[in-house]
Structures are given as C-alpha cells and as structure tokens.
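Subject: Handing over the structure

Hi,

Here is the structure I promised to pass on. Have a look at it first, and then read my notes below.

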Amino acid sequence: MKKKAGLLFMLTVMSVFLAGCSDFKEPISASSEGIWSKYIVWPLVSLIETFKEILGTYGLGIIAVTIIIRLILLPLTLKQTQSSKQMQAIQPKLAALKEKYKSKDAVTQEKYREEMQAVMSENKVNPVAGCLPVLVQMPILIGFYHAISRMNATPEIPLGKFFVFDLATPSITLAVFAGIMQFLVLRTGPAMDNPQMKIMMYIMPFFIMIFGSFLPAALALYWVVGNTISIIQNIFIYKPFKKKEVVIEQPKGKGGAKRK
C-alpha cells in the first residue's frame, strides 16, 4: 500500500513538472493558464518583482527570493540531512552484511534482507525518510527555475544587469562560477562511499557549466546563490573539515578496510 501511494505521489509530481516543461520558454503573466503556471510559477515571479521594487534590480530580487526559499525549506533540508547521517552511520554494518551474504542465491539474499532490515530497525533508520523532503522541495525549486526562464521570455520584464552581467543573456563567467560552487557543495556534503556517486560529484558541475553557458545569466546567478547557501549549510551540518575515516566492519576472520 505504501509503495502504491509513493508511486502515485511520484507520478503526480512528474505530471506537474512535465506540464510546466511545455511552457518553459513562454511569457508569464497573471493571466497565464495551467496549474503549474498559475499556482507555482507566477507567484514566484510576483515575489521576485516585489523584491525588485524594494531593492532596485531584478538581480537583487532573485538573490533575495532564493535566500527566502532556502530558509523556508531549511527544516526539510535538516530532516533530509538527519536521515542521511543515520544511513551513513550504519554503512559499516550494512557493508559487513553484504560481504557476509554475498552469495546471490535466493535463500542467502532473503537472509541478507532480513538482517539488513533488523539493523535499520534497531538503529531507527528509515531509508524512505530522506526522500520525502526532496519530493516536497523539487516542485518549488524547479518552479523557481522556470520562473526566471519565463521572466526572460517576457518582453515586459527587462531583467537588466547584475554588476557587469546582463541577466537576459548567457554568461560563461557566471556559469563556470556556478559549476565551481556546485563542486564545493558536493565536497562539503556527506562522505560518499559509492563510486558512482563520486563520479557524479565530478560530472555534475560540468553539466551546470555547460547548461549555464547557453541559458540566461539570471539562472546562473540563481545557481550561484543557491549553492552558496548549500555550502554554508553543509559546513555547519556535516563539518566537512573534520571528516573521519569510516571503518567497514568485516565478518570474523577477515581484515577490516577503511574508507574516507
């Protein structure tokens, strides 16, 4: 039942996202039709416009709204972080179980799943708990991304400049800076034992640099500000400069291995 509910929720989120994608480069206004445009994108555009009137430029308006959104989402971020830390804490035990039950036959794998569930229950770890905050955050963050893109497509909204950067046109400098900041976000985040995740850590910043080189500089500015906030959060939450080695427990008779 829980799986069906989770699948239904995921399909709902994807449907809303895909509905918004079709209007990605369309102008935005109070009369724009569609749930995505009317209830997510336009309110965010209105908020940016409000702060533009207060602070004087769209660049400062984007920065202000980015900060506000991140502060609103902070409790969810902390919940996600707590779940991530709990999973990281039991990784040595899970790795030991995987080594102990490495045979792929059905009986062994069933025993592996039972003991893995027992370890999670004993340590009060719910692997699904870290997913819900992400699902809640994604529509808001994607909506903000769309808001900036559609503002750029609206002739009545001149984004203007932020320092020397024309927010309506691509900026390679801001794109590169956004990629560097993304790399720092991943470096200051939780330690990664998964080789695929480590590869992604190096690939993702390059994707941001590439996309940022073709998209309006306003989006790169959004990435830079958002990633700066994420780095600050990571420093206080994960304390990356004090990371310790994680000792992977091994079954009796085998030597332990260390991973950073």
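Let me start with a question: is Lys-52 buried, partly exposed or exposed? With a relative accessible area of 23%, Lys-52 is partly exposed, since the buried class takes in values under 20%. I'll come back to that residue in a moment. Before going on, please keep in mind that this is a predicted model.

The overall layout

The chain is made up of ten helices and four strands. Reading from the N terminus, the order of the elements is α-α-α-α-α-α-α-β-β-α-α-α-β-β. There are 260 residues in the chain, and 37% of them are buried.

How some helices pack

I looked at three helix pairs. Start with helix α2 (residues 35-55) and helix α3 (residues 58-72): their axes are 7 Å apart and meet at an angle of about 125°. That angle is why α2 and α3 count as oblique to each other. Their crossing is right-handed.

Next come helix α5 (residues 91-100) and helix α6 (residues 106-122), which pack with axes 10 Å apart at an angle of about 170°. The cut-off for roughly antiparallel is over 145 degrees, so α5 and α6 are roughly antiparallel to each other. The crossing of α5 and α6 is right-handed too.

Then there is helix α8 (residues 172-188), which packs with α10 at an angle of about 20°, their axes being 8 Å apart. Angles under 35 degrees count as roughly parallel, and α8 and α10 are therefore described that way. The crossing of α8 and α10 is left-handed.

Salt bridges

How many salt bridges does a search of the whole structure find? The search turns up three. As a reminder, side chains of opposite charge can pair when their charged atoms come close.

- Lys-52, the residue from my opening question, pairs with Glu-53 in a salt bridge at 3.8 Å, N to O. Glu-53 is exposed, at 59% relative accessible area, while Lys-52 is partly exposed.
- Glu-99 forms a salt bridge with Lys-102, and their closest N and O atoms are 3.3 Å apart. Glu-99 is partly exposed, with a relative accessible area of 26%.
- Glu-110 and Arg-113 meet through their side chains in a salt bridge of 3.1 Å, N to O. Both residues sit in helix α6, three residues apart, which is about one turn of the helix. Both are also partly exposed: Glu-110 has a relative accessible area of 36%, and Arg-113 has 43%.

A nonpolar patch on the surface

Which residues make the nonpolar surface patch of about 550 Å²? They are Ile-199, Met-200, Ile-203, Met-204, Phe-207 and Phe-211. Take Met-204 as an example from the patch: you'll find Met-204 in helix α9, which covers residues 195-212. Met-204 counts as partly exposed because its relative accessibility is 33%, and residues need over 30% to be part of a patch.

Two buried residues and their partners in space

Phe-144 is part of helix α7 (residues 131-152). At 1% relative accessibility, Phe-144 counts as buried. Phe-144 and Pro-43 are 101 residues apart along the chain, yet their C-alpha atoms are separated by 9.5 Å.

Val-225 lies in helix α10 (residues 217-238). With 11% relative accessibility, Val-225 counts as buried as well. Its partner here is Met-181: the two are 44 residues apart in sequence, and 9.0 Å apart in space from C-alpha to C-alpha.

One backbone oddity

Finally, take a look at Phe-163. Phe-163 has a positive phi of about 55°, although it is not a glycine. Where is Phe-163 found? Phe-163 is in the loop between β1 (161-162) and β2 (165-166). Phe-163 is exposed as well, because its relative accessibility is 69% and the exposed class starts over 50%.

If you want a quick tour, go to the Glu-110 and Arg-113 pair in helix α6, then the nonpolar patch with Met-204, and end at Phe-163 in its loop between β1 and β2.

Cheers

Methods: Residues are numbered from 1 along each chain as its sequence is written. This is a predicted model: local features need pLDDT of at least 70, side-chain atom pairs count only at pLDDT 80 or more; totals for chains, interfaces and linings use all residues. Side-chain values use heavy atoms; hydrogens and water are left out. Patches are made of residues with over 30% relative accessible area and no salt bridge: like charges are joined within 9 Å, nonpolar side chains (Val, Leu, Ile, Met, Phe, Trp, Tyr) within 5 Å. Accessible areas come from the Shrake-Rupley method with a 1.4 Å probe; for residues, only the protein chains shown count as cover. A salt bridge is a side-chain nitrogen of Lys or Arg within 4 Å of a carboxyl oxygen of Asp or Glu. Helices (H or I, at least four residues) and strands (E, at least two) are DSSP runs, numbered from the N terminus. Buried means under 20% relative accessible area, exposed over 50%, partly exposed in between (1.4 Å probe, protein chains only). Axes are lines fitted to C-alpha atoms, for helices over the stretch in contact, and angles run from 0 to 180 degrees between N-to-C directions. Angles under 35 degrees count as roughly parallel, over 145 as roughly antiparallel, 65 to 115 as roughly perpendicular and the rest as oblique. A crossing is left-handed if the near helix is turned anticlockwise from the far one by less than a right angle, and right-handed if clockwise.
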